[in-house]
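Work through the exercises below with the sequence and the structure open beside you. Try each task before you read its solution.

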Amino acid sequence: MAPLVAGVPHSAALIGPGSEVLAFDTSRSADHDWGPRVLVFVPAGLVAEAEARVAAGLPERFRGHPTVFDYRGERRPGVVVTELEVWLTGRLGFDPRRGVTLVDWLSAPWQRLAEVTRGEVFHDGLPSPVGGLEAARRALRWYPQDVWRYVLACQWWRIAEEEAFVGRCGEVGDELGSAVEGARLVREVMRLALLLRRRYPPYAKWLGSALTRLPGSAELGEALGAALAARSWRERQEGLSAAYRRLAALQNRVGLAVRLDEGVRGFHDRPFEVIGGERFARALLREVSDPLVRGLPVAGCVDQLSDSTDLLMSPPRARAATVAALGLAGSSCDGLVA
C-alpha cells in the first residue's frame, strides 16, 4: 500500500468493523465480507487523489486473495481512503482528538469504542494540529476514573434490580422464568467482569469469547456455565452466587471504592441468596468527585440503556437517547471529562 500513496501524508490501519479487528475471526469469518482490507486516512482535499492512485495501482490479488470483493452489499476494493475526522465522526459521532465530553463517553457504544482502540495501526504519518490516529486511540483507550466508576455502578445496579428474581420465579414453580432471569444476570455479570478489567464488552456474538480471554476467567466461566445449565432455581442461584463472589473480590482488588464484604446474603427475610449489588453501586458512586457525573441518574451509558442495534449503531440516535435518558441537555454536559 505505501508505494501507492508515496508523497501523500497518511495513516493506515485495520480498525473499525470486522471480527479480525478484535481478533475474534476464524475460518468461518471468510465466508462473507472478507478480503485484504486497510483504511487509509489522508488530509482533507487529498482523498480523490489518493483514491485514484489506489485504483490505478492496486494489484488484482494480494497473497492469493482478490483485492476487490463484496463487502456489506457493495463490490469494492478492500482499501478505503477517507479523512480521519470524517471517519471518526461517522463511527462515534465526535472526533476524540478534540476532547471527549461526558456525553461523548456515555453515548459511544462499547463495540464502537473497541473497534477504534483495538486493531492494528500500520503507519501513522497524518499531520494534524490535534494529532493523528494514535492520538484518537489514546484519547479513547479507557474511561476517565469517575466515568468508569459511574458505568460500573450502573452495571452493579442492573444486577441489584433482578438478582432476587431467580429465586422468586422458582419459588412459584416458574422454572422457565427463573432460567430467563438467570441468563439475563449471567450476561450482566460477564459485562461487569470485562468492565472491571478495563475491556469494552463486545456485542453479543463475541461476549463469551472476550470473557475467556480475561486473566483468571476460568472459574468465573465455570460458575456462569453452571448457572445456565441448572435445572432448578436453587442450582441456578448457587452458580450465580459463586460468580457474584468473584466479581466482588475483583472490585475490591481494583480499588475504585472502599472494600466491601464479598459474601452473598439473604434477600430480606426471603430464602434467596443475593450479593446486594446496590452496595457496590453506592460505594462506587460515593467516590465520584466530578459534579456532572455525580448528578447523573443511575441509568448508565448507551449500552446499559438500550439493546437496539439500530440505535447503538447510529451515533445521532445513540446520542439523542443518552441525552434524553440522563437529562444531559444543555451546555454543561459538553464539558470535557479528564
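**Exercise 1.** Find how many positive and how many negative side chains the protein has, and how far apart the centres of the two sets lie.

Solution. Begin with the counts: in this predicted model, 42 side chains are positive and 41 are negative. Then take the centre of each set, and you will find that the two centres lie 2 Å apart.

**Exercise 2.** Describe the protein as a whole by its secondary structure, its box, and its buried residues.

Solution. Start with the secondary structure, which comes to 16 helices and ten strands. Next, place the C-alpha atoms along the principal axes, where they fill a box of roughly 75 × 45 × 30 Å. Finally, turn to burial, where a residue counts as buried if its relative accessible area is under 20%; such residues make up 50% of the 338 in the protein. The area that the protein exposes is about 15,800 Å², with 53% of it supplied by carbon and sulfur atoms.

**Exercise 3.** Work out which way the residues of strand E1 (residues 11–14) point, and which residues stand opposite Ala 13 in E2 and Ala 12 in E8.

Solution. First sort the side chains of E1: Ser 11 and Ala 13 point one way, Ala 12 and Leu 14 point the other way, and all are buried. Then look at strand E2 (residues 38–41), which runs antiparallel to E1 and is joined to E1 by three bridges; here Leu 39 is the bridge partner of Ala 13. Last, look at strand E8 (residues 120–124), also antiparallel to E1, with four bridges between the two strands; in E8, His 123 stands opposite Ala 12.

Definitions and conventions. Residues numbered from 1 in each chain as written. Predicted model: local features only at pLDDT ≥ 70, side-chain atom pairs only at ≥ 80, totals over all residues. Heavy atoms only, no water. Buried < 20%, exposed > 50% of the residue type's maximum accessible area, 1.4 Å probe, protein only. Areas by Shrake-Rupley, 256 points an atom, 1.4 Å probe, with all protein chains shown as cover. Lys, Arg positive; Asp, Glu negative; His and termini not counted. Charge placed at Lys NZ, Arg CZ, Asp CG, Glu CD. Pairing = 2+ DSSP bridges.
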